[in-house]
Amino acid sequence: MSTTRLYDIREDDRFHDECGVFGVHRNGGAAALTALGLHALQHRGQEAAGIVSCNGGTFHAERHMGLVSDNFTSADVIQRLKGDCAIGHNRYSTTGEPALHNVQPLFAETAVGGFAVAHNGNITNARKLRSSLRETGSIFQSTSDTEVLLHLLATSPKSSMIERFVDAVRQIEGAFALVALTRSMLIGCRDALGIRPLVIGDFEGSFILTSETCALDIIGARYVRDVEPGEMVIITESGIESLRPFPDTASRFCLFEYVYFARPDSAVGGLDVYDVRKAIGAELAREAPAPADVVIPVPDSGTPAAIGYAEGSALPFDLGIIRNHYVGRTFIEPTDQIRHMGVKLKHNANRAVIAGKRVVLVDDSIVRGTTSLKIVQMVREAGATEVHMRIASPPTRDSCFYGVNTPEKSKLIASRMDLDALSRYIRVDSLAFISIDGLYRAAGEQSRDPAKPQYCDACFTGEYPTTLTDRAAVKPAPQLSFLEPSH
Ligand code: AMP
């Protein structure tokens with residue numbers, strides 16, 4: 001492990017993870033089902049994927065950099081990863097150079113047996129926990145925040161696996177949707193606020209746990225219910241047992257899952273993502289009408305909101321930008337230079353529907369501003385006479401510390417520019433973002449309750465629903481950083 005990588009992480013001052021998780025209990029094709037589930041969740045992380053299976057007490061693990069389809073779709077996956085239980089994980093991280101030792105599921109052989117875990121979210125007190133665990137002799141194999149869980153479980157004074165796991169999750173803060181595998185149990189757990197999604201499915205009598213319902217659909221599994229915020233489910237031969245390890249609190253599901261992160265064909269947090277996105281578009285049309293001839297989505301993530309906007313404003317909808325599907329998500333590229341190229345590689349204007357028209361462009365969010373800048377230029381070059389931009393989320397002004405990869409605050413363009421400056425920068429005739437209340441309405445609420453917000457909206461409001469222990473420690477005193485240079 002190079003010192004450079006350690007410094008990279010330190011400079012970045014936090015972990016970045018975007019992840020999808022999947023688990024299956026007691027099905028002969030466990031590894032193949034997991035590979036399919038991860039394939040459906042590929043949008044949640046494209047850097048690496050891993051599967052751990054369990055075959056009557058023996059664990060098998062494979063972790064690879066790259067896409068699920070590059071590594072796990074050959075027919076022999078069941079031979080390589082034997083067993084009738086498996087968990088899997090997709091990951092995107094930017095912790096320096098690609099690092100296989102960080103690829104999940106993580107596995108440890110503990111005094112109470114083998115334990116594998118896959119995590120979607122971010123543990124916001126991982127550095128603090130890690131440094132106290134190291135002081136008492138824990139040796140870490142990765143730089144992943146999730147590894148603290150294994151050490152907390154391995155060193156817990158409790159006697160059973162479940163008691164130890166409960167003990168471990170009670171010590172972690174932040175966002176976590178976890179699936180874990182022992183020799184006899186598949187376990188799922190969501191943090192008390194339920195920031196990240198986790199659902200239960202049924203495939204031919206076998207229980208499935210996964211981030212989104214699209215991973216159930218791909219294998220033809222039936223949606224049973226969500227794992228509740230703050231709930232731990234334990235799946236054994238005898239069925240599902242439910243525990244409540246945390247004090248009761250109101251849930252704060254992530255609004256950005258609806259805006260961008262989850263797939264539009266999934267239902268998360270009890271709502272269909274597609275419906276919410278269309279409703280956002282309709283709200284936006286009410287809040288910010290535009291004098292235009294045609295509504296054009298920035299594909300693919302802006303499409304459902306653009307449909308809602310077109311319906312809400314009674315304007316025609318057309319595909320004025322065509323996306324090349326063989327290029328990954330623009331945002332998920334490591335350097336600014338590649339990210340700039342990525343936008344050109346990914347989108348092309350469809351002149352036939354743009355030339356001579358006043359266009360409303362609808363996109364889901366503006367993060368760094370790179371996409372909007374390029375797209376607006378492209379649409380103007382294709383002959384649009386006016387370009388009005390409508391954004392299906394409020395300005396992204398703060399970083400996410402809960403498992404959605406966002407740049408640090410200074411790189412978020414809306415944290416540096418007001419609406420006028422931003423519309424001049426991306427060169428639009430008008431620019432509007434949906435209001436936070438409008439977004440809440442689209443997500444089924446009357447408005448945002450300022451005293452008790454119903455969702456996690458920290459990236460739009462800067463109000464973080466949990467303590468950010470590591471951040472508080474690192475910012476004023478960088479010497480307390482989680483990773484010191486190696487001695
Ligand atoms: P930007 O060029 O940085 O403004 O990118 C904004 C676009 O990136 C949005 O329109 C989304 O489609 C996409 N996006 C927003 N947030 C994320 C994220 N956390 N991960 C990947 N892509 C994102």
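Q: Which residue in E22 stands opposite Met389?
A: This is a predicted model: local features need pLDDT of at least 70, side-chain atom pairs count only at pLDDT 80 or more, and totals for chains, interfaces and linings use all residues. Residues are numbered from 1 along each chain as its sequence is written; side-chain values use heavy atoms, without hydrogens and water. Strand E21 (residues 386-391) pairs with E22 in the parallel sense over four bridges (pairing needs at least two DSSP bridges between two strands). In E22, Met389 faces Leu431.

Q: How many helices and strands does the protein chain have?
A: Both are DSSP runs, numbered from the N terminus: helices are H or I with at least four residues, strands are E with at least two. By that count the protein chain has 19 helices and 23 strands.

Q: Which are the edge strands of the sheet that contains E21?
A: Four strands make this open, parallel sheet, in the order E17-E20-E21-E22. An edge strand here pairs on one side only. The two are strand E17 (294-297) and strand E22 (430-433).

Q: At what angle does helix H11 run to E17?
A: Angles run from 0 to 180 degrees between N-to-C directions, and axes are lines fitted to C-alpha atoms, for helices over the stretch in contact. Helix H11 (residues 303-313) lies across E17, strand E20 (358-363) and E21. Its direction relative to E17 is about 165 degrees.

Q: Which strands does helix H16 touch?
A: Contact means heavy atoms within 4.5 Å. Helix H16 (residues 419-426) packs on the sheet, at about 125 degrees to the direction of E22. The strands touched by H16 are E21 and E22.

Q: What covers the buried residues of H11?
A: Buried means under 20% relative accessible area, exposed over 50%, and partly exposed in between (1.4 Å probe, protein chains only). In H11, the buried residues are Thr303, Pro304, Ala305, Ala306, Gly308, Tyr309 and Ala310. Their cover includes helix H10 (273-287), E17, E20 and E21.

Q: Which element gives the largest share of the largest nonpolar core?
A: A nonpolar core is a set of buried Ala, Val, Leu, Ile, Met, Phe, Trp, Tyr and Cys residues joined through side-chain atoms within 4.5 Å. The largest one has 45 residues, and Phe256 and Tyr258 have the most contacts inside it. Elements giving two or more residues include strand E14 (253-254), helix H9 (255-261), H10 and H11. The largest share, six residues, comes from H9.

Q: Where does this core lie with respect to domain 1 and domain 2?
A: Domain bounds come from an automatic or database domain assignment. Domain 1 spans 14-252 and domain 2 spans 271-447. Both give residues to this core, so it lies between them.

Q: Which residues do ring pairs link into a cluster with Tyr258?
A: Tyr258 touches residues including Phe253, Val268, Leu271, Arg277 and Tyr455, not counting those up to four places away in sequence. Rings of Phe, Tyr and Trp (its six-membered ring) pair if their centres lie within 6.5 Å. Ring pairs join Tyr258 in a cluster with Phe253, Tyr440 and Tyr455.

Q: Why is the pair of Phe59 and Phe107 tilted?
A: The whole structure holds 10 aromatic pairs. In this one, the ring centres are 4.8 Å apart. Planes under 30 degrees apart count as stacked, over 60 as edge-to-face and the rest as tilted. The pair is tilted because its planes stand at 45 degrees.

Q: Is Phe107 buried or partly exposed?
A: Phe59, at 17% relative accessibility, counts as buried. Phe107 has 31%. At that value, Phe107 counts as partly exposed.

Q: Which residue in E10 stands opposite Ile200?
A: Strand E9 (residues 199-203) has four of its five residues buried. Five bridges join E9 to strand E10 (residues 206-210) in an antiparallel arrangement. Nearby in the pairing, Val199 has Thr210 as its bridge partner. Opposite Ile200 in E10 stands Leu209.

Q: Which residue in the turn of the E9 and E10 hairpin has a positive phi?
A: Two residues lie between E9 and E10 in this hairpin. The positive phi, about 50 degrees, belongs to Glu204.

Q: Which strands stand at the edges of the seven-strand sheet?
A: This open, antiparallel sheet has the order E3-E2-E4-E1-E10-E9-E11. An edge strand here has a single partner, so one side is left without a neighbour in the sheet. At the edges stand E3 and E11.
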